[in-house]
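Subject: A structure for you

Hi there,

Here is the structure I wanted to pass on to you. Have a look at it first, and my notes follow below.

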Amino acid sequence: YMGQISTLDLSMGTLTDKGGSLLLEKLPTYPNVKTLDVHYHYLTDEMMKKLENLPIAVDVSEQNEAEEYRGEIWMNAMLTE
C-alpha cells in the first residue's frame, strides 16, 4: 500500500529516533508520499531536524520526553483505550 498513499500519518504514538532513522532511510524510495505527520512523538531535536529536511511536508510538533520510573523507561501514546 505504500506506493498508493500521499500522506503517511504516524502521529500520536511512541515514535523514537530508531523509527525516525527508518523513515529517513525508506521514505525517499516512495516519491508518492508528500506529507509525513509524526506529531506527538519521542524524537530528539536532532532527529526532528533531519526529518524536517526531507523534501516533503513534515509535522514534528508536540515533542515529548520519556519518563523513567524504577529503572524503566515509559512512553505513552496520546490516545489509548
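Read from start to end, the protein chain runs β-α-β-α-β-β-β, which comes to 2 helices and 5 strands. Both kinds of element are DSSP runs numbered from the N terminus: helices are H or I with at least four residues, strands are E with at least two.

Please keep in mind that this is a predicted model, where local features need pLDDT of at least 70 and side-chain atom pairs count only at pLDDT 80 or more, while totals for chains, interfaces and linings use all residues. Residues are numbered from 1 along each chain as its sequence is written, and side-chain values use heavy atoms, with hydrogens and water left out.

On the overall form, the C-alpha trace spans about 45 × 30 × 20 Å along its principal axes. Of the 81 residues, 27% count as buried (under 20% relative accessible area; exposed is over 50% and partly exposed in between, with a 1.4 Å probe and protein chains only). Among contacts (heavy atoms within 4.5 Å) between residues at least 6 apart in sequence, 53% join residues at least 24 apart.

The chain has 6 positive and 14 negative charges, and their mean positions lie 8 Å apart. Here Lys and Arg count as positive and Asp and Glu as negative, without His or the chain ends; each charge is placed at NZ of Lys, CZ of Arg, CG of Asp or CD of Glu.

One residue to look up is lysine 49, in helix 2 (residues 45-52). Lysine 49 has a relative accessible area of 55%, so it is classed as exposed. Its C-alpha is 8.9 Å from that of valine 60, 11 residues away in sequence.

Best wishes
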